[in-house]
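I'm opening a fresh page for this one. My plan is to jot down what I looked up, entry by entry.

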2 protein chains.
Amino acid sequence: MPDFQAWASAHQQRFEDVLRRLLPQPGLAPQRLHEAMRYSVLDGGKRVRPLLAFAAGELVQAEVARVDIAAAAVELIHAYSLVHDDMPCMDNDVLRRGKPTCHVQYDEATALLVGDSLQSLAFQLLAEHKLNDDAARQLAMVKLLASASGSRGMAGGQAIDLASVGKQLALPELEFMHIHKTGALIRAAILLGAQCGAALDEGQVNRLDHFGKCVGLAFQVVDDVLDSEADTATLGKTAGKDAQQDKPTYVTLLGVQAAKKMARELHRAALEALSEFGDGARRLRELADFIVLRKF
Amino acid sequence: MPDFQAWASAHQQRFEDVLRRLLPQPGLAPQRLHEAMRYSVLDGGKRVRPLLAFAAGELVQAEVARVDIAAAAVELIHAYSLVHDDMPCMDNDVLRRGKPTCHVQYDEATALLVGDSLQSLAFQLLAEHKLNDDAARQLAMVKLLASASGSRGMAGGQAIDLASVGKQLALPELEFMHIHKTGALIRAAILLGAQCGAALDEGQVNRLDHFGKCVGLAFQVVDDVLDSEADTATLGKTAGKDAQQDKPTYVTLLGVQAAKKMARELHRAALEALSEFGDGARRLRELADFIVLRKF
């Protein structure tokens with residue numbers, strides 16, 4: 001069995017080709033929009049959400065070709081949220097993954113339509129490929145991604161984030177925001193990966209979801225720590241941006257040491273949620289390690 | 001059988017309650033986002049797309065409660081596109097349906113998230129309510145709405161529209177733009193309404209789709225004529241905006257008389273596409289009349 005690094009690289013490389021194939025081809029009209037969609041999705045990021053979907057897919061012996069589609073749908077939602085988030089009326093960021101953001105490279109109107117179109121494409125993928133022999137279970141996958149993306153999920157988290165600028169948030173409020181803003185989609189990635197294979201019982205789904213909740217929060221805490229410590233070149237995006245914008249983070253709220261301790265505790269809780277799954281959950285455990293330990 | 005006006009009013013009134021019920025309730029967190037979503041959808045418009053869905057639903061004896069959901073999904077996509085379209089980086093419009101546009105009433109970031117969340121909600125509705133006894137047919141409905149909304153449908157049409165500002169378009173290019181920008185969603189409304197009931201054969205679906213294509217174009221031509229003739233108070237949105245922004249319209253391209261003639265020809269072609277359907281298509285015919293004859 002390949003070690004984690006080899007497993008992750010193999011999936012990342014194959015998945016890049018999957019995205020290249022699923023996105024509208026560059027010559028297709030309207031060309032500028034399709035180019036900008038590809039620019040915003042391809043060659044970027046660690047693909048953490050897709051990797052979580054692949055790891056959850058392995059837990060249920062799902063066909064990789066099916067998990068590819070579910071993972072792509074989640075990644076397109078993530079990519080659309082970054083494009084819209086970077087726009088001047090939101091975070092007004094000019095750099096993302098070491099490249100100019102979409103509205104800088106193209107223009108604001110195009111960035112708006114890129115985000116809108118990536119969202120539509122995510123749902124199109126979930127509906128047009130066979131992801132489960134049971135069409136009713138596949139409909140449930142559409143519902144899961146839609147509610148994780150919407151006003152009670154990711155977009156709602158962004159609204160809470162916007163409303164929090166310049167405010168003194170308590171820890172539970174910060175947690176509530178992140179559970180929506182980043183947590184909802186991370187949980188969806190895991191559950192969608194698992195929905196491509198053999199059905200889990202309700203208790204197993206709940207434990208997997210709790211794993212996702214812990215990993216999602218840990219991911220954010222680690223991001224805040226890295227953001228407070230790294231410089232822009234290492235990060236590939238503007239560093240220290242949240243603190244500059246007077247946005248509450250786990251570091252500004254708890255201090256670096258307590259934030260690191262919190263990440264370690266979430267890591268432990270995540271692994272505990274997987275304890276009954278045996279060796280099938282190996283990659284999920286390794287991903288939890290990777291997310292928490294990537295830099296400290 | 002009620003006359004068209006009574007039929008349309010009854011549906012419009014009931015449908016307003018349906019939307020009120022399906023949208024996130026105003027007290028629910030994040031409150032400002034949910035209020036803005038309701039502000040952008042409720043109390044507005046003639047609900048032409050939903051009426052087309054109801055009329056198509058009658059053709060196949062679909063349960064009205066199912067068509068309500070399909071119609072709501074289409075209307076939420078339409079509403080999201082208006083919210084994003086009105087933003088400063090797109091059409092920069094301050095008035096819509098006689099009210100301040102969403103980004104004026106709230107702010108740009110909220111308007112961005114309102115549009116994003118309305119799109120997610122549309123797909124959530126299509127997935128979480130039972131619209132067809134056959135789940136595979138319902139998945140096909142999700143695919144239909146997603147592709148009608150995305151870069152090869154509505155959003156793609158908006159991209160072509162943006163690229164056309166200040167350009168001399170030929171009639172086929174203008175038609176290509178509108179077939180995407182407004183036509184795709186109108187056709188989706190009709191086909192989704194029809195998908196809620198007894199299955200049509202392929203030829204029937206194609207004729208229904210051709211009806212939708214003709215009606216969709218006629219709708220746009222009539223809009224251009226009205227926009228060139230009406231004043232802002234009558235229209236409930238800024239009049240003459242397209243011409244001011246140097247955007248090509250059927251009126252600037254053909255002149256008012258030829259544009260009216262074109263609308264009448266499309267009207268005739270739309271009715272012809274329904275000729276084999278008999279009395280079940282009565283409301284579709286009346287809607288075609290309504291769309292073309294509403295003002296001239």
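My notes below go from confidence to symmetry to the contact between the chains.

**Entry 1: confidence.** I started by reminding myself that this is a predicted model. For chain A I found an average pLDDT of 93, with 94% of the residues scoring at least 70. For the complex, I noted that the predictor gives an ipTM of 0.94 and a pTM of 0.95.

**Entry 2: symmetry.** Next I asked myself what turn lays chain B on chain A. I got a turn of 180° with a shift of 0.0 Å along the axis, and the RMSD came out at 0.0 Å. The two copies are therefore related as by a two-fold rotation axis. Then I wanted to know which C-alpha of chain B is nearest the axis. I wrote down B:Ala135, whose C-alpha is 2.7 Å from the axis. I also checked the surface used: the same one serves both copies, as 98% of the contact residues of chain B recur in chain A.

**Entry 3: the contact.** I looked up how many residues each chain puts in: 42 from chain B and 41 from chain A. Which elements of chain B give two or more residues to the side that touches chain A? I listed helix 2 (31-41), helix 6 (108-128), helix 7 (135-149) and helix 8 (154-163) of chain B. Helix 6 of chain B provides the largest share of that side, with 13 residues.

**Entry 4: residue types.** Last, I sorted the residues on the side of chain B that touches chain A. I have them down as 23 nonpolar, 13 polar and 6 charged.

Definitions and conventions:
Residues numbered from 1 in each chain as written. Chains lettered and ligands numbered in written order. Predicted model: local features only at pLDDT ≥ 70, side-chain atom pairs only at ≥ 80, totals over all residues. Least-squares fit on C-alpha atoms with pLDDT ≥ 70 in both. Contact = placed C-beta atoms within 7 Å. pLDDT = per-residue confidence, 0-100. Helix = DSSP H or I, 4+ residues; strand = E, 2+ residues; numbered from the N terminus. Nonpolar A, V, L, I, M, F, W, Y, C, P; charged D, E, K, R; others polar.
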